[in-house]
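Work through the exercises below with the sequence and the model side by side. Each task is followed by a solution in steps.

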Amino acid sequence: MMKLAMVAIHRQLPAAWKDLKLPPPRMILQVHDELIFDVPATLEAVQTLKSLVRSCMVAHVSQQLQLNVPLDVKMCVGTTWGTMHHTE
């Protein structure tokens with residue numbers, strides 16, 4: 001499931017990021033069921049990446065695996081691992 005999401009995010013990131021004048025985010029780590037990204041510290045960058053990740057995980061992964069249950073995606077944002085807080 002995570003590998004499908006990672007591949008989908010990697011493929012769709014250039015199109016999602018093309019209008020932003022910022023360096024693209026980098027997927028730097030996967031820990032169990034979590035993906036960690038290094039993202040420029042702007043609200044627009046964070047919101048764009050959150051939208052892309054949620055879309056890839058919910059739509060693409062659910063479709064590929066033909067899931068009959070909804071996929072719950074939770075997101076956290078922070079400047080360090082210790083300062084992460086849940087966000088919608």
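A residue counts as exposed when its relative accessible area is over 50%, and as buried when that area is under 20%. The model is predicted.

**Exercise 1.** Find the salt bridges and state how exposed K74, D72 and D38 are.

Solution.
- Step 1. A salt bridge needs a side-chain nitrogen of Lys or Arg within 4 Å of a carboxyl oxygen of Asp or Glu.
- Step 2. The count by this rule is 2.
- Step 3. One of them joins K74 to D72, with 3.8 Å between the closest N and O atoms. Both K74 and D72 are exposed.
- Step 4. D38 and R26 also meet through their side chains, at 2.9 Å from N to O. Since R26 lies in strand 1 (residues 26-31) and D38 in strand 2, this pair ties together parts 12 residues apart in sequence.
- Step 5. D38 has a relative accessible area of 37% and is partly exposed.

**Exercise 2.** Describe the course of helix 2 (residues 43-65).

Solution.
- Step 1. From first to last C-alpha, the 23 residues of helix 2 reach 32 Å, close to the expected 33 Å.
- Step 2. At C56 helix 2 bends by about 25°.
- Step 3. Q66 follows helix 2 and has a positive phi, near 50°.

**Exercise 3.** Which element supplies the largest share of the largest nonpolar core?

Solution.
- Step 1. This core has 17 residues, and I9, W17, L49, L52, V53 and M57 have the most contacts inside it.
- Step 2. Helix 1 and helix 2 each supply at least two of its residues. The largest share, 7 residues, comes from helix 2.
- Step 3. Beyond four places away in sequence, L52 touches I9, Q12, L13 and A16.

Key:
Residues numbered from 1 in each chain as written. Predicted model: local features only at pLDDT ≥ 70, side-chain atom pairs only at ≥ 80, totals over all residues. Heavy atoms only, no water. Helix = DSSP H or I, 4+ residues; strand = E, 2+ residues; numbered from the N terminus. Expected span 1.5 Å × (residues − 1). Bend = angle between axes of the 7 residues up to and from the residue. Core = buried A, V, L, I, M, F, W, Y, C linked by side-chain atoms within 4.5 Å. Buried < 20%, exposed > 50% of the residue type's maximum accessible area, 1.4 Å probe, protein only. Contact = heavy atoms within 4.5 Å.
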